[in-house]
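Okay, thanks everyone for coming. Let me put the sequence and the structure up on the screen, and then I'll walk you through them.

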Amino acid sequence: MRRVLLAALCVAGFATTAHAQRPDLSGNWIANGGKTTFGQWHLTEEGERRFKAYDFKRDDPALKCIGTSWTRVWLNPNVVVRITQGGDFVRLQYEWMDIDRRVPIVDPTLKNPKRSNIPGMPGLGYSAAWYDGNALVIETSDIEPGYVSTMQEWAGLPQSRMMRTIERFTRTGDLLTIQITHVDPANYRDPLVVTITYPRTTFELMDYGCNPEDASVVEPR
Amino acid sequence: MDATRKMPRWLSLVSLLAFATPVAAHHSVPVNFDQSKDITVTGTLTEIKWINPHSRFRLDVKQDDGTTVEWLVEMGAINTMKRAGFDTDKFMVGDTLTIIGWPGRGRDRSMLLRTAVLKDGTRLTP
């Protein structure tokens, strides 16, 4: 009986410790536009070809109100992201394009963990999440070919079907840091690492209501 | 207590200062606009669209030869502009307006608004 009690206490103690380590990321966050670090990228020949062929007037999926990669979603400045942490899920509500991402918390050692996707946005793939010490990790695969970024000098950096991303969320005080590692051997010789910071905000999430007709490149008449 | 209310005042200020950076981000600013020079265009407001991801004006601009051409003026998302306190009520179709901003790349008669100057001289910056 004593052994059973001891084992139960150990399990309870482990569960408490594991829970205590879980970072508190819940709340509203906003990109401040100034703290994005794009690591060096080393493109393969195919990656170079696709990067050079990118045409911002034609190839940006956002022109149809579609997010092309999680990095592109995170790069959008001045929009709120609300994070809610549940026992078996983490929910990220992005103001940009009204993306509502509910990712299951899984055991990452499982062969085929449960995953979630965003209907209508195949470039955002299928995601699963877990906690690793003081970090939340979201791993995404089964990504439709497209672009890592459609912004700034990174516009047109490609992603293939082989792309796999690992988002690692850590919090220091009122600053959320998202480090995104991109592994895509078809386009990159080594992983591309992008780091984006989001300060905490009192701003509330607003509806975005993107309409493809308004989002496309408009010309003067 | 709502956790977001615990944010220190300085952080609110940092968040607001973020709006000092160009707010039109859906069509990446450096990709779509030439930030190396400002241009100034004055005309009559013919269309106002307060929308996401980009608000926009259309402006009829009289040229030196007497003909009128249309200019397209892009801005940031309406959500962002509302948060920044940009006073959208100040603009009415038919108003004369001066826009200072960056010219579009590869798109004639288009620009990104940096400052709007109303007829009474009021300057508004998103």
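I'll go through chain B, then the nonpolar cores, and end on one glycine.

Just so you know, this is a predicted model.

So, chain B. Its secondary structure comes to three helices and six strands, and if you read along the sequence you get α-α-β-β-β-α-β-β-β. The chain has 126 residues, and 34% of them are buried. Now take the contacts in chain B with a separation of 6 or more: 56% of those are between residues 24 or more positions apart.

Next, the cores. In soluble globular proteins, nonpolar side chains tend to be buried together. Here, the largest nonpolar core has 47 residues, and among those with the most contacts inside it are A:Val81, A:Val90, A:Ile178 and A:Ile196. Which parts of chain A supply at least two residues each? Among them are helix 3 (70–75), strand 3 (80–85), strand 4 (89–94), strand 12 (175–183) and strand 13 (192–199). Let's zoom in on A:Ile196: leaving out residues up to four places away in sequence, A:Ile196 touches A:Ala31, A:Thr36, A:Trp74, A:Leu75 and A:Ile178. There's also a second, separate core of 18 residues, which includes B:Val29, B:Ile78, B:Met111 and B:Ala116.

Last stop, B:Gly85. You'll find B:Gly85 in the loop between helix 3 (78–83) and strand 4 (96–103) of chain B. Is B:Gly85 buried or exposed? B:Gly85 counts as exposed, because it has 10 C-beta neighbours inside 10 Å, and the cut-off for exposed is 12 or fewer. B:Gln63 is 22 residues away along the chain, and the C-alpha atoms of the two are separated by 33 Å.

Definitions and conventions: Residues numbered from 1 in each chain as written. Chains lettered and ligands numbered in written order. Predicted model: local features only at pLDDT ≥ 70, side-chain atom pairs only at ≥ 80, totals over all residues. Helix = DSSP H or I, 4+ residues; strand = E, 2+ residues; numbered from the N terminus. Buried ≥ 20, exposed ≤ 12 C-beta atoms within 10 Å, placed from the backbone. Core = buried A, V, L, I, M, F, W, Y, C linked by C-beta atoms within 7 Å. Contact = placed C-beta atoms within 7 Å.
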